[in-house]
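Please open the structure in the viewer and keep the selection tool at hand. The tour below proceeds one selection at a time.

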Amino acid sequence: SAKRQDHYHFATYDDAMQQDILEKLTLRAELQRAVENGQLHLVYQPVVDLEEGRIRGVEALVRWNHPQRGVLSPTVFIPIAEDSGLIVEIGRFVQKTACKQLSLWNRIRGDKAMTMNVNLSVRELLEPSLVAQVRGVIEDSGIDPSQLTLEVTETHVMAQVDLVSERLHQLRDLGIKLAIDDFGTGYSSLSYLEHLPVDALKIDKSFTDHLLKEETPVTLKTILRLGQELNLKIVAEGIERSSQAESLLALGCVYGQGYHFARPLEAEAIDEMLRHDENGHPTRSMQETRFT
Ligand code: C2E
Ligand code: MG
Ligand code: MG
Ligand code: MG
């Protein structure tokens, strides 16, 4: 009967929900150990200047090398890490590793011109120890604070704008840069941008995608003009085709990231890129760096 089918339907729905909860609990317990056992590592996606396609910096992206499931995406485990509070420890690991890596790249290049972007979730941003922690990481690594950009997503900023704004000011006082990630997706008032200590906008991939289908959307043009007006560094995310890079450049967007240029890469692959990136920033040869 219809009633029985209904009952059956709800039963399976419940089952699926229980499965889901169980899976999350398992992952959460495993994630705790993953941090302790060194199963997390960072990959780095180049940020390039769209004119020359040359690497100017990288964004650090965390990966979990799960012993049974293989490499897990942060979209799977970052939400669990946020709910459980493990994100604070993970964030510490990410910041430390990224800045140490950058100091090695500074040595390869022989300058401090390269930039490092690190993602920050709102839970980390609200952690009272964050500012001291970032200061410590910068000091220990010896990087220039201006080389480090912390990325916060737009929706997170808007959720608690007063508290977040205070924290962002404290971070910026360290001499680091701040970027709004996934910009344009938040449906939020643009006026907050003028009042927050922000240095860069990362234009969400959905806008870059639009460039493949239509004439340049008005929203993208507006965002770019706004960013230029406020003197912000603008980085387009998710560039997969050269045509997108060309359109963005024509619209005045100077920087970009995406599979068209490079996927997130292991540190060693970035080493290689830097050793061969001679134009503009003369890098020391492999031979020389090996002996320093
Ligand atoms: P995000 O910061 O917006 O990073 C961009 C995401 O887009 C990355 O996914 C990157 O691999 C992917 N991507 C880059 N170029 C392309 C492209 O051309 N096409 C497509 N389809 N994708 C592209 P990923 O590494 O899976 O990271 C997902 C999100 O997880 C990040 O989004 C960020 O919000 C979060 N996340 C990653 N690492 C960390 C971390 O260390 N801490 C925190 N709190 N969040 C992190
Ligand atoms: Mg990001
Ligand atoms: Mg993004
Ligand atoms: Mg994102």
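**A tour of the ligand and metal sites**

Begin with Glu240 in this predicted model: one of its polar side-chain atoms lies 2.6 Å from a nitrogen atom of ligand 1. Next, select Asp182, where a polar side-chain atom lies 3.1 Å from an oxygen atom of ligand 1. Then display the backbone of Tyr259; a polar atom there is 2.8 Å from an oxygen atom of ligand 1. Taken alone, ligand 1 exposes 810 Å², of which the protein buries 82%.

Now show the surroundings of ligand 1, which sits in the largest pocket. Strand E2 (54-66), helix H2 (74-84) and strand E6 (177-183) are the elements that each give two or more residues to the shell around this ligand. Colour E2 before the others, for its 4 residues form the largest share of that shell. Which residues come nearest to ligand 1? Of the 25 around it, they are Arg63, Asn119, Asp181, Glu240 and Tyr259. Colouring the shell by residue type gives 9 nonpolar, 7 polar and 9 charged residues.

Move on to the magnesium ion (ligand 3). Its protein donors are oxygen atoms of Asp181 (OD), Asp182 (OD) and Glu237 (OE), the last listed twice, at 2.0 to 2.5 Å from the ion. Asp182 lies in strand E6, whereas Glu237 is in the loop between strand E8 (233-236) and helix H11 (242-250), so this pair ties together parts that are 55 residues apart in sequence.

Finally, select the magnesium ion (ligand 2), 4.1 Å from the magnesium ion (ligand 3). Asp181 coordinates both ions.

Technical notes:
Residues numbered from 1 in each chain as written. Chains lettered and ligands numbered in written order. Predicted model: local features only at pLDDT ≥ 70, side-chain atom pairs only at ≥ 80, totals over all residues. Heavy atoms only, no water. Near = heavy atom within 4 Å. Polar contact = N/O pair within 3.5 Å; in protein donor to acceptor, adjacent residues only side chain to side chain. Areas by Shrake-Rupley, 256 points an atom, 1.4 Å probe, with all protein chains shown as cover. 1 Å grid on protein atoms, 1.4 Å probe; cavity = no way out; pocket = protein on both sides within 12 Å on 5 of 7 lines; lining within 4 Å. Sits in = over half its atoms within 2 Å of the grid points. Nonpolar A, V, L, I, M, F, W, Y, C, P; charged D, E, K, R; others polar. Donors = N, O, S within 2.8 Å, 3.2 Å for Na, K, Ca; no water.
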